[in-house]
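Work through these exercises with the structure open beside you. Try each task before reading its solution.

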Amino acid sequence: MNEKKYKLAIVGATGLVGRAALKVLEEKNLPISEYVFFASSNSAGKELTFQGKNYIVRELKEDSFDEGFDFAIFSAGGDTSKKFSPIAAEHGCIVVDNSSAFRMDPNVPLVVPEVNPEEIKNNHGIIANPNCSTIQAVVPLKALDYKYHIKRIVYSTYQAVSGAGRLGLEDLENGAKGEAPKKFAHPIYNNCLPHIDVFLDNGYTKEEEKMINETRKILKRPDLKITATCVRVPVVNSHSESINVEFEKPFDLDDVYKTLREYSGIIVLDDVLKNEYPLATIASGHDEVYVGRIRRDNSIENGLNLWVVADNIRKGAASNAIQIVEKLIEYDK
């Protein structure tokens, strides 16, 4: 029996996440017989080489999905997703959206395949990819919540400039030459900026609110107590996070290590005697979430500290979206 083949669109194919998606797709062997790449009018007409073939990037238009697609990965920003994702879904295409446009929509699944793959089946044509900083956090948290029931989370993130796109990368590079920033409010070179996305009336940034609300939705814990401080740091790629967790139940530290080592998508790197712990340079280019510096928080009962690092462009966006497509194909069999 011949294996069913699928048609996949990549929207925002020329951006950082779009190009990462192409790289990830080249590494995989998905049963996709046809790829079509879309971008804005500014990038339309560019040529991309993918799987040894040359493709011309098409301009995304309202009739782009008339020809029929099985899946589409959107990585072109919230405004584009809001306009074109419903059009694609109306044409029978299942959209995996990397923007924040639909993440908190109660009718749209917010999915990390290692955490809540069952939600994929509840889609109505659109599946949301969580924020990059949320994705890497909830993988180890899900493993531990299942066993010890999380009571409270304190996030402190150290986020790479690649999370801000090409302009973020350019600000770091140009800042080393003494040039003024174009993307960030202050120079990122030699600085840590406690400012990601816009500030809200409550004093938090939108990025911090995303982490709080998305974690609650993914873990199905709407009342979970969470606070966050998100910081942009002068690192090219891969986000690092200090996660402080308070559990309802007591835990054995050896069992925590065992639980994390056995959980899908996690690599435990934690040998302080050898100075081994997760680093941005180690995680870059990989899809796994690296966890280390695992230790008790002795200031509270049932407290734990984790250091979590992952490639924000791959696992935090492109790879997670492609993993969702893989699950959709698996569920279609």
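**Exercise 1. Find what the side chain of Arg-221 reaches in this predicted model, starting with the backbone oxygen of Ile-150.**

Solution.
- Step 1: Look at the backbone oxygen of Ile-150. A polar atom of the Arg-221 side chain lies 2.7 Å from that oxygen.
- Step 2: Look for a side-chain partner. The side chains of Arg-221 and His-149 are joined by a polar contact of 3.4 Å.
- Step 3: List the contacts, leaving out residues up to four places away in sequence. Arg-221 then touches Asp-145, His-149, Ile-150 and Arg-216.
- Step 4: Place the residue. Arg-221 sits in the loop between helix H5 (206-219) and strand S10 (225-232).
- Step 5: Check the accessibility. The relative accessible area of Arg-221 is 16%. The limit for buried is under 20%, so Arg-221 is buried.
- Step 6: Compare sequence with space. Arg-221 and Lys-151 are 70 residues apart in sequence, and their C-alpha atoms are 9.9 Å apart.

**Exercise 2. Decide which residues of strand S1 (6-11) are buried, and which way they point.**

Solution.
- Step 1: Recall the rule. Side chains in a regular strand alternate between the two faces of the sheet.
- Step 2: Sort the residues. Tyr-6, Leu-8 and Ile-10 point one way from S1. Lys-7, Ala-9 and Val-11 point the other way.
- Step 3: Check burial. 6 of the 6 residues of S1 are buried, so the strand is largely enclosed by the rest of the structure.
- Step 4: Note the charged residue. Lys-7 has 12% relative accessibility and counts as buried.

**Exercise 3. Name the strands that pair with S1, and give a bridge partner in each.**

Solution.
- Step 1: Take S2. It pairs with S1 in the parallel sense, over 6 bridges. Here Phe-37 is the bridge partner of Ile-10.
- Step 2: Follow the chain between these strands. It runs from S1 through helix H1 (residues 16-27) to S2. This β-α-β crossover is right-handed.
- Step 3: Take strand S6 (residues 71-74). S6 runs parallel to S1 and is joined to it by 4 bridges. Here Ala-72 is the bridge partner of Ala-9.

**Exercise 4. Work out which parts of the chain are linked by three of the salt bridges.**

Solution.
- Step 1: Start with the total. The whole structure holds 20 salt bridges.
- Step 2: Take Lys-4 and Asp-332. Their closest N and O atoms are 2.9 Å apart. Lys-4 lies in the segment before S1 and Asp-332 in helix H8 (residues 314-332), so the bridge ties together parts 328 residues apart in sequence. Lys-4 is partly exposed at 47% relative accessibility, and Asp-332 is partly exposed at 40%.
- Step 3: Take Glu-34 and Lys-7. Their closest N and O atoms are 3.7 Å apart. Glu-34 is in strand S2 (residues 32-39) and Lys-7 in S1, 27 residues apart. Glu-34 is partly exposed at 35% relative accessibility.
- Step 4: Widen the view of that pair. Lys-7, Glu-34, Arg-58 and Glu-67 are linked in a network of salt bridges.
- Step 5: Take Glu-330 and Lys-327. Their salt bridge is 3.8 Å, N to O. The two residues are 3 apart in helix H8, so about one helical turn separates them. Glu-330 is partly exposed, with a relative accessible area of 43%. Lys-327 is partly exposed at 22%.

**Exercise 5. Show which residues of helix H6 (residues 253-262) are buried, and what covers them.**

Solution.
- Step 1: List the buried residues. They are Val-256, Tyr-257, Thr-259 and Leu-260.
- Step 2: Use the arc. These residues cover only 165 degrees around the axis, so they lie on the same side of H6.
- Step 3: Recall the helix rule. An α-helix has 3.6 residues a turn, so residues three or four places apart point the same way.
- Step 4: Turn to the other side of H6. Asp-254, Arg-261 and Glu-262 are exposed there.
- Step 5: Find the cover. The elements over the buried residues of H6 include helix H3 (132-148), strand S12 (266-268), strand S13 (289-297) and strand S14 (303-310).
- Step 6: Look at the start of H6. A side-chain oxygen of Asp-252 comes within 3.1 Å of the backbone nitrogen of Asp-254.

Conventions
Residues numbered from 1 in each chain as written. Predicted model: local features only at pLDDT ≥ 70, side-chain atom pairs only at ≥ 80, totals over all residues. Heavy atoms only, no water. Salt bridge = Lys/Arg side-chain N within 4 Å of Asp/Glu carboxyl O. Buried < 20%, exposed > 50% of the residue type's maximum accessible area, 1.4 Å probe, protein only. Pairing = 2+ DSSP bridges. Right-handed = clockwise from strand over helix to strand, strands pointing away. Arc of directions from axis to C-beta. Contact = heavy atoms within 4.5 Å. Polar contact = N/O pair within 3.5 Å; in protein donor to acceptor, adjacent residues only side chain to side chain.
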